Amino acid sequence: MNDKSALKQLIESDEFSNRLNLDRKTYGLVFDRRTLNAIYEVIKKYDIDYINFPISSGKESLIFNIVLRNGETRALKIYKMSTLKFSNTMEYIKGDYRFDKERINRSNVVYVWAQKEYTNLKGLREAGIHAPKPYGFYRNILLMSYLGTARGPAPQIKDLTEGFQKLYDELKRAMWLMYHKAGIVHADLSEYNILYYRKNPYIIDVGQSVSIKHPMAEDFLERDIKNIVSFFTKKDVTCNVKDLYSYIKGGINA
Ligand SMILES: Nc1ncnc2c1ncn2[C@@H]1O[C@H](COP(=O)(O)OP(=O)(O)OP(=O)(O)O)[C@@H](O)[C@H]1O
Ligand SMILES: [Mg+2]
């Protein structure tokens, strides 16, 4: 008898053979062979029982709600191998002293990305910022806590209808902590990458976040601030780029 899981059998079946060149591209929900192998390893390593439901399918990643054998739920983020643009990605790795010593090439850059998101999430939580708890990563896959209920994931703040002043004040504080305590700049902060969970804003999607020592950190910070101010201005919160910038750079809250 062999004890291989259905997934392993699927990977090894003809449907995923090189003949069809399925390894090279990932369209929609079809995974390339390396990703299928990585999913198989992650299922074993983290004792995953089953994939419950898809949460999001974006250009660069797929996110699923999964259930462990012990009944707990998690979010599983799978970075797509083929759509992560090498040159764009390198901009966020080169110059970040934490990662620029890795030997990076087109085929493993996506692995560094998962590791980077794991490290950044850990940093955020250690700094006291609400963010998913990272449980581990393997190749291009990241396992983190699931923000949401059995009915579905927590909403992005862009979909809220009220409470913006309080939210802005909390985010200001989170951005200050991110800069001074975690020592990173988000670099893709917007109303899409902040979830509203248990009455708090949670920062997500930190694969691209860089150390504040990165040569582009200031530019990324300014872009983040502009995005946040432009969103909250539309929601009638009184704020401006200059004030938020001095608040985040200032030491008053130390
Ligand atoms: N830990 C989580 N728990 C619940 N939902 C999550 C979690 N992480 C991400 N999501 C949901 O999945 C969406 C996409 O996640 P994320 O922003 O990390 O990936 P992405 O690569 O930026 O995807 P996209 O290309 O769609 O922006 C989020 O906007 C959110 O709705
Ligand atoms: Mg996102």
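This passage describes the surroundings of ligand 1 and of the magnesium ion (ligand 2) in a predicted model.

Ligand 1 sits in the largest pocket. Three elements each give two or more residues to the shell around ligand 1, namely strand 1 (48–57), strand 2 (61–68) and strand 3 (73–79). In total, 20 residues surround the ligand, the closest being S61, K77, L147, Q156 and D205.

Polar contacts to ligand 1 come from side chains as well as from the backbone. An N or O atom in the side chain of K77 is 2.7 Å from an oxygen atom of the ligand. For Q156, a side-chain N or O atom is likewise placed 2.7 Å from an oxygen atom of ligand 1. At S145 the contact is made by a backbone N or O atom, which lies 2.9 Å from a nitrogen atom of ligand 1. Taken alone, ligand 1 exposes 610 Å², of which the protein buries 83%.

The magnesium ion (ligand 2) has two protein donors, N193 through OD1 and D205 through OD, at 2.2 to 2.3 Å. N193 belongs to the loop between strand 8 (184–185) and strand 9 (194–197), whereas D205 belongs to the loop between strand 10 (200–203) and strand 11 (210–211); the pair therefore ties together parts that are 12 residues apart in sequence. With a relative accessibility of 8%, N193 counts as buried. D205, at 21%, counts as partly exposed, because buried residues must fall under 20%. D205 is thus a donor of the magnesium ion and is also listed among the closest residues to ligand 1.

Methods:
Residues numbered from 1 in each chain as written. Chains lettered and ligands numbered in written order. Predicted model: local features only at pLDDT ≥ 70, side-chain atom pairs only at ≥ 80, totals over all residues. Heavy atoms only, no water. Donors = N, O, S within 2.8 Å, 3.2 Å for Na, K, Ca; no water. Helix = DSSP H or I, 4+ residues; strand = E, 2+ residues; numbered from the N terminus. Buried < 20%, exposed > 50% of the residue type's maximum accessible area, 1.4 Å probe, protein only. Near = heavy atom within 4 Å. Polar contact = N/O pair within 3.5 Å; in protein donor to acceptor, adjacent residues only side chain to side chain. Areas by Shrake-Rupley, 256 points an atom, 1.4 Å probe, with all protein chains shown as cover. 1 Å grid on protein atoms, 1.4 Å probe; cavity = no way out; pocket = protein on both sides within 12 Å on 5 of 7 lines; lining within 4 Å. Sits in = over half its atoms within 2 Å of the grid points.
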